[in-house]
Amino acid sequence: MSEDKVSRLFVYGTLKQAQAHGDLLQSLALRVDPATTRGQLLDLGLFPGLVRGEGVVHGELMTFPVMHLATVLAVVDHLEGFVEGDPAASLFLREQIVAETEQGDLVDAIAYFYNQSHPDSLPQEETVLLATGRWDGSSRNVLGATEGFLRFTNHVQDFQNEGQKP
């Protein structure tokens with residue numbers, strides 16, 4: 001399929017193949033390949049968050065036919081708490097990035113960044129910088145979360161039970 005007929009999504013957490021929501025988009029994907037992007041990865045407990053910074057974040061590049069992009073974005077926007085046109089209401093923000101494939105190719109993709117200024121974001125002292133730039137699953141409980149962050153965590157846990165597959 002030609003480059004102008006595909007869209008790419010860079011995933012680094014629960015949407016990776018071996019993680020809790022890894023099967024949500026598999027039926028729509030043409031392929032899933034290891035990739036990296038610039039930034040830093042925070043461990044937020046049940047899931048990670050990508051933030052701007054110096055470093056390399058490891059994840060997967062999901063390639064979709066462009067005709068499925070609206071469906072993919074609707075599912076991921078809901079999972080990530082992204083509200084189009086209202087960054088202040090979004091716990092994660094959808095942005096264009098450049099990802100690098102294992103072959104060294106630079107490609108445009110969409111990624112979701114953790115909105116640290118959101119009122120329900122996890123207090124900074126509760127976040128853990130993942131120096132490796134890799135998240136391999138939930139490994140800790142968060143103690144000082146806001147009520148809103150706990151609601152969002154419950155939303156992520158319950159997401160698959162809501163029938164959100166495309």
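Here is a short conversation about reading a predicted protein model.

Student: I'm new to this one. Which elements does the protein have, and in what order do they run?

Tutor: Start by counting elements, then read them along the chain. This predicted model has 2 helices and 6 strands. From the N terminus on, the order is β-β-β-α-β-β-β-α.

Student: How do I read the overall shape? What radius of gyration does the protein have?

Tutor: The idea is to set the value beside what a compact globule would give. For 166 residues that would be near 15 Å, and the protein has 15 Å, so the two agree. You can also picture a box: the C-alpha atoms fill one of roughly 45 × 35 × 30 Å along the principal axes.

Student: And how much of the protein is buried?

Tutor: Here a cut-off helps: buried means under 20% relative accessible area, and exposed means over 50%. Buried residues make up 49% of the 166 residues. As for the outside, the accessible surface comes to about 8500 Å², and 49% of that belongs to carbon and sulfur atoms.

Student: What about the charges? How far apart are the mean positions of the positive and negative ones?

Tutor: For that, you take the mean position of each kind. The protein has 11 positive and 23 negative charges, and their mean positions are 4 Å apart.

Student: Let's look at a helix. How far does α1 reach?

Tutor: Check its span against its residue count. Helix α1 covers residues 69–80, which is 12 residues, and reaches 16 Å from its first C-alpha to its last. That is close to the 16 Å expected at 1.5 Å a residue.

Student: Which residues of α1 are buried?

Tutor: A general idea comes in handy here. An α-helix has 3.6 residues a turn, so residues three or four places apart point the same way. In α1, the buried residues are V72, L73, V75, V76, D77, L79 and E80. They pack against β1, β3, β4, β5 and α2. Just after α1, G81 takes a positive phi of about 70°.

Student: Now single residues. Is A35 buried or exposed?

Tutor: Compare its relative accessibility with the cut-off. A35 has 5%, so A35 counts as buried. You'll find A35 in strand β2, residues 31–43. Leaving aside neighbours within four places in sequence, its contacts include F10, V57, E100 and T101.

Student: Where does L93 lie, and is L93 buried or exposed?

Tutor: L93 lies in strand β4. With a relative accessible area of 18%, L93 is buried. Setting aside neighbours within four places in sequence, L93 is in contact with F82, P87, A111, Y112, F113 and N115.

Student: What do the loops offer? Is A88 buried or exposed?

Tutor: Same test again. A88 sits in the loop between α1 and β4, and at 59% relative accessibility A88 counts as exposed. Not counting residues up to four places away in sequence, A88 touches H118 and P119. Q103, in the loop between β4 and β5, is exposed too, with a relative accessible area of 63%.

Student: How do I read distance along the chain against distance in space?

Tutor: Put the two numbers side by side. Q103 and A35 are 68 residues apart along the chain, and their C-alpha atoms are separated by 9.1 Å. A88 and H68 are 20 residues apart along the chain, with 27 Å between their C-alpha atoms. Across the protein, 68% of the contacts with a separation of 6 or more join residues 24 or more positions apart.

How values were computed: Residues are numbered from 1 along each chain as its sequence is written. This is a predicted model: local features need pLDDT of at least 70, side-chain atom pairs count only at pLDDT 80 or more; totals for chains, interfaces and linings use all residues. Side-chain values use heavy atoms; hydrogens and water are left out. Helices (H or I, at least four residues) and strands (E, at least two) are DSSP runs, numbered from the N terminus. The radius of gyration is taken over C-alpha atoms; the globule rule is 2.2 Å times the number of residues to the power 0.38. Buried means under 20% relative accessible area, exposed over 50%, partly exposed in between (1.4 Å probe, protein chains only). Contact means heavy atoms within 4.5 Å. Accessible areas come from the Shrake-Rupley method with a 1.4 Å probe; for residues, only the protein chains shown count as cover. Lys and Arg count as positive and Asp and Glu as negative; His and the chain ends are not counted. The place of a charge is taken as NZ of Lys, CZ of Arg, CG of Asp or CD of Glu. The expected span of a helix is 1.5 Å times one less than its number of residues.
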